[in-house]
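Colleague: Before we talk about names and labels, could you put the structure up, so that we can go through it together?

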Amino acid sequence: MKLVTYHYQDSAQTGILVNNNIYPLHSINPAISPSMRTMLENWETQSSLAREVESQINAGNHAQLATPFSGAQIFAPVPQPTLIVTGK
């Protein structure tokens, strides 16, 4: 499962990358957080929901919501991280 943060409907949103298209997870299932940080903080539940969406996409659903990866505005994976670690 590949997740991205990208520009969707005037805001940054978590999406799932499937076959070079990005799908808006929160728009497909409102129980999935639109924020990558919140999604990671609740990974056990959120990843399960995201995998269900991935299965739906692979079954041919949600094609109307696809954004080609090549045309998407991609942001940092976790905008506004709570911790930044650097090497010495």
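**Reasons behind the labels**

Modeller: Let us start with one facing pair: Leu-3 stands opposite Ile-16 in S2. Please keep in mind that this is a predicted model.

Colleague: What makes S1 and strand S2 a pair?

Modeller: Two strands count as paired if at least two bridges are found between them, and S1 and strand S2 (residues 11-18) are joined in the antiparallel sense over seven bridges, so the requirement of at least two is met. Within this pairing, Val-4 stands opposite Gly-15 in S2. The two strands form a hairpin with two residues between them, and in the turn Gln-9 has a positive phi of about 50°.

Colleague: Why are strand S1 (2-8) and strand S4 (67-68) called edge strands?

Modeller: The open sheet has four strands in the order S1-S2-S3-S4, with antiparallel pairing, and strand S1 and strand S4 each pair on one side only. Across S1, S2 and strand S3 (21-24) lies helix H3 (residues 43-58), which runs at about 60° to S2.

Colleague: Why is Leu-40 called partly exposed?

Modeller: Leu-40, which is placed in helix H2 (residues 36-41), has a relative accessibility of 42%. Buried means under 20% and exposed means over 50%, with partly exposed in between, so at 42% Leu-40 counts as partly exposed.

Colleague: What makes up the nonpolar surface patch that includes Leu-40?

Modeller: The patch, of about 260 Å², is made by Met-1, Leu-40 and Trp-43. Patch residues need over 30% relative accessible area, and Leu-40, at 42%, therefore passes that cut-off.

Note on methods
Residues numbered from 1 in each chain as written. Predicted model: local features only at pLDDT ≥ 70, side-chain atom pairs only at ≥ 80, totals over all residues. Heavy atoms only, no water. Contact = heavy atoms within 4.5 Å. Axes fitted to C-alpha atoms, helices over the stretch in contact; angles between N-to-C directions. Patch = residues over 30% accessible without salt bridge, like charges linked within 9 Å, V, L, I, M, F, W, Y side chains within 5 Å. Areas by Shrake-Rupley, 256 points an atom, 1.4 Å probe, with all protein chains shown as cover. Salt bridge = Lys/Arg side-chain N within 4 Å of Asp/Glu carboxyl O. Buried < 20%, exposed > 50% of the residue type's maximum accessible area, 1.4 Å probe, protein only.
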